Amino acid sequence: MITQPATRGADSELVSASLTEPEAFAELFDRYSAMLYRYVSKRLGPEPAEDLVGETFLVAFSRRKSYDLSCPDARPWLFGILTKLISRHHRKEAARYRAFLRSPLDQDVESPADRVAAGVTAQAARPRLAGALAALPAKDRDVLLLIAWGDLTYEEVAQALGIPIGTVRSRLNRGRRKVRAALGDTNPMLAEE
C-alpha cells in the first residue's frame with residue numbers, strides 16, 4: 001500500500017520536517033513561489049523574477065536550520081530573503097521605474113471593463129507613480145511595496161526586514177506621503193471623471 005505524505009499545516013512544521021526529510025521543503029515552494037514571483041515581477045520585471053524566486057528558496061533551504069520554529073508562517077521570512085536579494089538589483093529596479101516614465105501602458109488586463117478602468121486611472125498616474133517610486137529611498141520603497149504588492153501586514157514586514165514595527169509605520173507613512181505628493185495629493189483609484 002502506497003501512502004501519500006500528509007499535508008502539513010503550519011509552515012514551521014514543513015521547515016522542521018525538512019530537516020530530516022528535505023523533500024518536505026518543496027511544499028513551501030508550492031505554497032509561496034507564485035506569490036513571490038508576482039511580487040518580484042512587479043518590482044523588477046518578469047525577466048529576473050524566476051531566478052530571484054529560485055534563489056530565494058535556495059537561500060531559505062540552506063538557512064532552514066536557523067528558522068524560528070515559533071513563527072508558524074514562513075511568508076515574512078521568505079519575503080525578507082527576497083527583499084535582500086532585490087536590494088542587490090536596486091539599480092535595475094530604479095531603471096525600470098524610469099523606463100515606465102517613457103513606456104505606454106501594458107495591455108495585459110483581464111477583461112474589457114478592467115482594461116477601461118485600468119487605462120483611465122493607470123495611464124494618467126503611471127509616469128508620476130513610477131517617478132515617485134524611483135525617487136524613494138530603497139528602505140521606504142521596500143516597506144511600501146511589501147505592503148502594497150506583497151500584501152504583507154505591518155508585523156510581517158517588520159519580521160521580513162528585521163526592523164521594529166514603529167520603523168515600518170514611519171517608513172510607510174513617509175513613502176505614502178511622497179508618492180501621494182507626486183500624484184498631486186490625489187488617489188487616482190478614487191478620482192471621479
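Good morning, colleagues. In this protein chain, among contacts with a separation of 6 or more, 61% link residues 24 or more positions apart. I should say at once that the model is predicted.

Let me turn to the overall architecture. The protein chain contains nine helices and zero strands, so its pattern along the sequence reads α-α-α-α-α-α-α-α-α. Of its 193 residues, 39% are buried. The surface that the protein chain exposes comes to about 11200 Å², and carbon and sulfur atoms supply 55% of that area.

I would now like to direct your attention to one residue, E156. Its place is in helix α8, which spans residues 154-161. Is E156 buried or exposed? Its relative accessible area is 11%, and because the cut-off for buried is under 20%, E156 counts as buried. Which residues, then, is E156 in contact with, once neighbours within four places in sequence are left aside? They are D73, R75, P76 and D151. With R75 there is a polar contact between the two side chains, at 2.6 Å.

One of those partners, D151, merits a closer look. D151 is found in the loop between α7, residues 138-148, and α8. Its relative accessibility is 60%, so D151 is classed as exposed, the cut-off being over 50%. Thus a buried residue, E156, is in contact with an exposed one, D151. The backbone of D151 also deserves mention: its phi is positive, at about 60 degrees, although D151 is not a glycine. As background, most residues other than glycine have a negative phi.

Thank you for your attention.

Terms used. Residues are numbered from 1 along each chain as its sequence is written. This is a predicted model: local features need pLDDT of at least 70, side-chain atom pairs count only at pLDDT 80 or more; totals for chains, interfaces and linings use all residues. Side-chain values use heavy atoms; hydrogens and water are left out. Helices (H or I, at least four residues) and strands (E, at least two) are DSSP runs, numbered from the N terminus. Buried means under 20% relative accessible area, exposed over 50%, partly exposed in between (1.4 Å probe, protein chains only). A polar contact is a pair of N or O atoms within 3.5 Å; within protein, one must be able to donate a hydrogen and the other to accept it, and residues adjacent in sequence count only if both atoms are side-chain atoms. Contact means heavy atoms within 4.5 Å. Accessible areas come from the Shrake-Rupley method with a 1.4 Å probe; for residues, only the protein chains shown count as cover.
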